[in-house]
Amino acid sequence: MENKLKILHLEDIPFDVEMVERELIKGNIEFEKLVVDNKTDFEKALHNFLPDIILSDHSLPSFDSAGALELTKNKAPGIPFILVTATVSEEFAVNILKRGASDYILKTNLKRLPAAVQNAIEKSKIILEKENAEKELEHSYIQVRKLAAHLQDVREKERASIAREIHDELGQLLTALKLDILWLGLKLKEPGTELNKKVKVMEKLVSSALITVRKIATELHPALLDKLGLIEAIKWQSREFEKRTGVKIKLSLPSEQIDISNSTAIALFRIYQESLTNVARHAAATNVYCTLQKNNEELELTVTDDGKGFDVSYIEQMQSLGLLSMKERAVMIGGKYEIVSELKKGTKVQVVLPFNN
Ligand SMILES: Nc1ncnc2c1ncn2[C@@H]1O[C@H](COP(=O)(O)OP(=O)(O)OP(=O)(O)O)[C@@H](O)[C@H]1O
Ligand SMILES: [Mg+2]
């Protein structure tokens, strides 16, 4: 050991103090020792002496090892605690080990003490390192979560603003152009001329450009979601999906608006979209059932398909990010996400959030 080991020794018999010291010296342990024999001094020493290890007699006139162990656990957790005692019952020894003591040594067998001390110190070092590593891991996990949430948020805001710009600016320009072309068409008196035909074609092109612009803007961020809320957005998305894929969607939605924040609405909507994308890409389903329901405490979204299903236990190994991003979105809004799937039966995605009416 590079530094002197700081040993706090709870003992009231000077002879025993000496015996312990002798064994430690014999065992080549370099130490600095503080001996106390009552609760007040023991508690003070935990704070002021800052021991690396505690050796404790079992029973003292005004204090005992069980009390000392409790105090250590509360005031200085992690410090190894060895019971050094004349006699204890086996039951007591097992009990004190269970309660967190590192070891117990009989005074008749003190030669075991140095090894026990070394052992306890090593063990507590390993435990401390493990705890630190766990804390660090937990910390970086929280950081990654925060970063993911932030990125998601930035992405949604960016999408909304690009959508607005495309819809408003580009949409207005194209509308103005369309009106001009219509005006031009009216000015050209003779119908059927080449010029007239060209103007008709231009009008059609501008009209389809307008449709495309609206479609791109809506796909980026459905303005419907902000204006009419989640339920209308789900209805719209479902109709679009049916048109595109031919898969039927049965909806069971609340009859009136639900009071949720914009970010919750976006998250649920994106989870719905991602689920539908998966149905279209992987499920080969004929029907989808979507339910959104609330009670006094929870809001639940489910998307179920009757497609071919898949083995959910392989999710961890899958390189894909769709399911992971759904889960992250659910966690971000304080919800729980679950996916259940059965081969040849179908898949069910479920998100449950705490909800206050
Ligand atoms: N509704 C579903 N029916 C059948 N299989 C599904 C369904 N949803 C997901 N899967 C399976 O789970 C896998 C992972 O889905 P996930 O959405 O994470 O990835 P992906 O759709 O393959 O790619 P992406 O990252 O672009 O979403 C899919 O590749 C598919 O095998
Ligand atoms: Mg996917």
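## A tour from the parallel sheet to the ligand shell

Start with the sheet in this predicted model: five strands, all pairing in parallel, make an open sheet ordered β2-β1-β3-β4-β5. Helices here are DSSP runs of H or I with at least four residues, strands are E runs with at least two, and both are numbered from the N terminus; two strands pair if DSSP finds at least two bridges between them. Colour β2 (31-36) and β5 (103-106) next: each has a single partner strand, so one side of each has no neighbour in the sheet. On average, neighbouring strands are turned by 20° against each other, direction ignored.

A word on conventions: residues are numbered from 1 along each chain as its sequence is written, while chains are lettered from A and ligands numbered from 1 in the order in which they are written. Local features need pLDDT of at least 70, side-chain atom pairs count only at pLDDT 80 or more, and totals for chains, interfaces and linings use all residues.

**Inside the sheet and onto its helices**

Select β3 (residues 53-56) together with β4 (residues 81-85), and you have a parallel pair with three bridges. Ser56 has Leu83 in β4 as its bridge partner.

Now add helix α2 (residues 39-48), which packs on the sheet and touches β1 (5-10) and β2. The direction of α2 makes about 150° with that of β2. Then bring in helix α5 (residues 113-187), which lies across β3, β4 and β5 and runs at about 170° to β5. For these angles, axes are lines fitted to C-alpha atoms, for helices over the stretch in contact, and angles run from 0 to 180 degrees between N-to-C directions. Contact means that the C-beta atoms of two residues, placed from the backbone, lie within 7 Å.

**Two loop residues to compare**

Go to Ala101, in the loop between α4 (90-98) and β5. Is Ala101 buried or exposed? Ala101 counts as buried because it has 23 C-beta neighbours inside 10 Å; the cut-offs are 20 or more other C-beta atoms within 10 Å for buried, 12 or fewer for exposed, and partly exposed in between, with C-beta atoms placed from the backbone. Leaving out residues up to four places away in sequence, Ala101 touches Leu69, Phe81, Ile82, Leu83 and Ile96. Try a distance label from Ala101 to Phe81: their C-alpha atoms are 5.1 Å apart, with their positions 20 residues apart in sequence.

Asn28 sits in the loop between α1 (14-26) and β2. Asn28 is not a glycine, yet has a positive phi of about 60°, and with 9 other C-beta atoms within 10 Å, Asn28 is exposed.

**Across to domain 3**

Colour by domain: domain 1 (5-131), domain 2 (158-220) and domain 3 (225-354), with bounds from an automatic or database domain assignment. The C-alpha centres of domain 1 and domain 3 lie 58 Å apart.

Zoom in on β9 (residues 336-342) and β10 (residues 346-354), antiparallel strands joined by seven bridges. Ile339 has Val349 in β10 as its bridge partner. Three residues lie between the strands of this hairpin, where Lys344 takes a positive phi near 65°. Lys344 is exposed, with 8 C-beta neighbours inside 10 Å.

**Last stop: ligand 1**

Select the 16 residues that surround ligand 1; the closest are Asn278, Ala283, Ser320, Gly322 and Leu323. The elements giving two or more residues to this shell are α9 (262-283) and α10 (322-332). The criterion is a C-beta atom, placed from the backbone, within 6 Å of the molecule. Which element gives the most to the shell around ligand 1? It is α9, with five residues.
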